[in-house]
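User: Hi! Could you walk me through the pockets and the chain contact in this one?
Analyst: Happy to; let's look at it together.

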Amino acid sequence: MRRALPVLIALLLAGCGGWQSANDPGGPVARDLQGLFWLFTITCGLVWIAVMGVLAAALLRRPPGTKEERERADRRSVQVVGGAVAGTVLIVAGLTLASYFATRSIASDNPHELVIRLRGYQWWWEVTYADERPDRVIRTANEIHIPVGRPVRFELGSVDVIHSFWVPNLSGKQDMIPGRNNSIVLTADRPGSWRGQCAEFCGLQHAHMALHVVAEPEEDFERWRSAQLAEASAPATEEEEAGKRVLEGKACAACHTVRGTEAAGTLGPDLTHVAGRRYLAAGMLPTTRGAFAAWIADPQSVKPGNNMPMVPLSADELQSVSAYLARLR
Amino acid sequence: MMGSRAMAWRGATIALLLLAGCKREEHQTRLDPPVAEALDAVAAMPNGISGRPPRAIAVMGEPYRSNAYQLSQGKRLYAWFNCQSCHADGGGASGPALMDGWWRYGPDPVSVFISIRDGRPNGMPSFRDALTTEQIWQLTGYVQSLGATSSTAASPNRNDAMQTRPAENQVPSMATLPSPPTAR
């Protein structure tokens with residue numbers, strides 16, 4: 001038992017770090033929230049210990065015997081209760097003030113901020129980088145790149161049901177409500193990649209509605225951004241050429257866009273640079289040619305209930321379309 | 001005064017009735033590929049109006065007509081594939097209305113299925129290459145629920161946006177509708 005305890009504590013502490021944890025902040029907003037968390041935890045812990053101490057003292061003390069003793073006890077209880085009330089008022093006011101200062105930065109406004117429109121779908125995220133010039137607007141899905149040190153305003157909306165945007169390492173939660181516009185501002189102050197998760201139950205695959213945020217230095221971000229603006233890579237082999245024809249001719253093109261081809265559907269994620277993203281289907285599978293094949297062959301076994309239908313394809317068609325998609329970096 | 005045995009029977013009956021509420025509708029999200037293929041096998045009359053639906057649908061228990069999940073998927077497809085642009089919310093625009101009972105090719109599900117899959121003259125496009133057979137059946141079930149020819153207890157999810165028509169399971173019954181439009 002004595003040997004198991006340190007192991008158990010180490011295992012529990014392992015949950016505090018990592019790429020989806022509010023205890024490993026990657027920016028000022030998350031750091032403020034972490035400070036708030038510890039302030040509340042420690043303050044409430046001390047209050048709890050004090051209350052338990054007073055309770056124990058009350059249970060263990062000897063009842064007053066003489067009249068004089070009783071009067072002394074009454075006087076003391078007035079002092080104790082008065083002190084406890086004053087302490088409670090002070091602590092609640094202090095915590096309220098701390099909470100106000102910590103969450104003030106979430107609603108801040110900054111003219112140099114990057115604006116990203118995020119729309120929730122059952123069960124993936126549509127990411128649009130706004131720009132004054134329409135030809136510089138980027139549409140992608142499930143993976144968000146942001147520059148380090150620059151505030152990013154997320155404008156949140158939803159297409160079907162209520163979702164909630166939550167990247168614990170960068171900020172708190174904000175709901176995405178159909179027919180309403182919410183927004184949240186966050187900044188990453190160090191490079192890194194973090195996992196986010198829908199934080200409002202949104203149906204069968206709520207648990208598998210993940211997103212990834214990649215924070216990188218400004219010049220890397222600009223390089224990524226101009227690469228995203230380019231049209232899809234041209235097929236390099238005969239197999240990929242055949243794959244492109246499958247994508248354009250079959251039901252794929254009814255829902256997905258691959259810029260530079262005839263596929264221009266707007267119901268599913270934009271696939272123009274799909275192989276450049278780390279994960280497929282909102283964090284379900286790492287992006288590989290095999291994962292493309294598995295997903296297309298049987299999407300309802302990988303993520304039951306999602307809106308990607310099982311399109312009947314021959315073995316050759318499946319192979320070639322997977323090869324073509326793996327080319328789209 | 002009721003005996004204790006009668007009380008027990010009553011209690012058991014009420015408990016059983018309450019337990020019936022625990023039954024949940026099943027969402028069938030995945031069709032085995034052979035079943036999906038069999039759904040395409042409609043035997044239509046030579047003029048493309050009515051016929052025999054695939055046996056697989058009857059074997060599955062008519063899910064596209066009676067399962068709320070399948071109807072909701074159909075409703076989603078109705079919006080996603082822009083049926084509204086011609087048929088509006090069922091009231092009709094450049095395409096015919098769907099919420100009355102008088103359909104050009106009749107109330108038969110096979111007619112509706114063929115209309116969506118193969119298209120019809122005067123503007124109805126074919127969705128054979130855009131939708132899978134299962135999706136076409138979901139859409140067929142939803143379109144049937146729009147019409148006033150029959151009703152089921154199941155209904156798709158409600159509209160979040162403004163209502164322009166009664167809910168799908170509240171469409172007026174055939175008896176309250178005017179006579180069918182005469183051919184011109």
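**Pockets and chain contact**

Analyst: One thing to keep in mind is that this is a predicted model. The second largest pocket has a volume of about 1200 Å³. It is lined by 35 residues, and those closest to its centre are Asp160(A), Val161(A), Arg76(B), Asn157(B) and Arg158(B).

User: Which helix of chain B gives the most to that pocket's lining?
Analyst: That's helix α5 of chain B, residues 68-80, which puts eight residues into the lining of the second largest pocket.

User: And how do the lining residues divide by class?
Analyst: For the second largest pocket, you get 13 nonpolar residues, with eleven polar and eleven charged ones.

User: OK, changing topic. How many residues does each chain bring to the contact?
Analyst: Chain A brings 19 residues and chain B brings 15. Together the two chains bury about 1300 Å², and 58% of that is on carbon and sulfur atoms.

User: Which three residues of chain B supply the most of its buried area?
Analyst: Thr29(B), Arg30(B) and Trp80(B). Those three account for 40% of what chain B buries against chain A, more than any other three residues.

User: How many salt bridges cross the interface, then?
Analyst: The rule finds one between chain B and chain A. There is a salt bridge between the side chains of Arg30(B) and Asp298(A), at 2.9 Å from N to O. So Arg30(B) turns up twice here: it is one of the three residues just mentioned for buried area, and it also pairs with Asp298(A), given that a salt bridge needs the nitrogen within 4 Å of the carboxyl oxygen.

User: What about polar contacts, how many residue pairs?
Analyst: Six residue pairs are in polar contact between chain B and chain A, counting pairs with both residues at pLDDT 80 or more. On chain B's side, α5(B) gives the most to the surface touching chain A, with four residues. By class, that side of chain B has seven nonpolar, four polar and four charged residues.

User: Last topic: how many cavities of 30 Å³ or more are there?
Analyst: The structure holds one. The largest cavity has about 40 Å³ of space in it.

User: Which residues line the largest cavity?
Analyst: The lining is made up of Asn142(A), Glu143(A), His212(A), Arg278(A), Tyr279(A), Ala282(A) and Gly283(A).

User: And by class?
Analyst: The largest cavity's lining has two nonpolar, three polar and two charged residues.

Notes. Residues are numbered from 1 along each chain as its sequence is written. Chains are lettered from A and ligands numbered from 1 in the order in which they are written. This is a predicted model: local features need pLDDT of at least 70, side-chain atom pairs count only at pLDDT 80 or more; totals for chains, interfaces and linings use all residues. Side-chain values use heavy atoms; hydrogens and water are left out. On a 1 Å grid over the protein atoms alone, a cavity is a set of points where a 1.4 Å probe fits but cannot get out, and a pocket is an open set with protein on both sides within 12 Å along at least five of seven lines; lining residues have an atom within 4 Å of a point. Grid points are joined across faces, edges and corners, and a volume is the space filled by probe spheres set on the points. Helices (H or I, at least four residues) and strands (E, at least two) are DSSP runs, numbered from the N terminus. Ala, Val, Leu, Ile, Met, Phe, Trp, Tyr, Cys and Pro count as nonpolar, Asp, Glu, Lys and Arg as charged, and the others, Gly among them, as polar. Contact means heavy atoms within 4.5 Å. Buried area is the accessible area (1.4 Å probe) that two parts lose on being put together, summed over both. A polar contact is a pair of N or O atoms within 3.5 Å; within protein, one must be able to donate a hydrogen and the other to accept it, and residues adjacent in sequence count only if both atoms are side-chain atoms.
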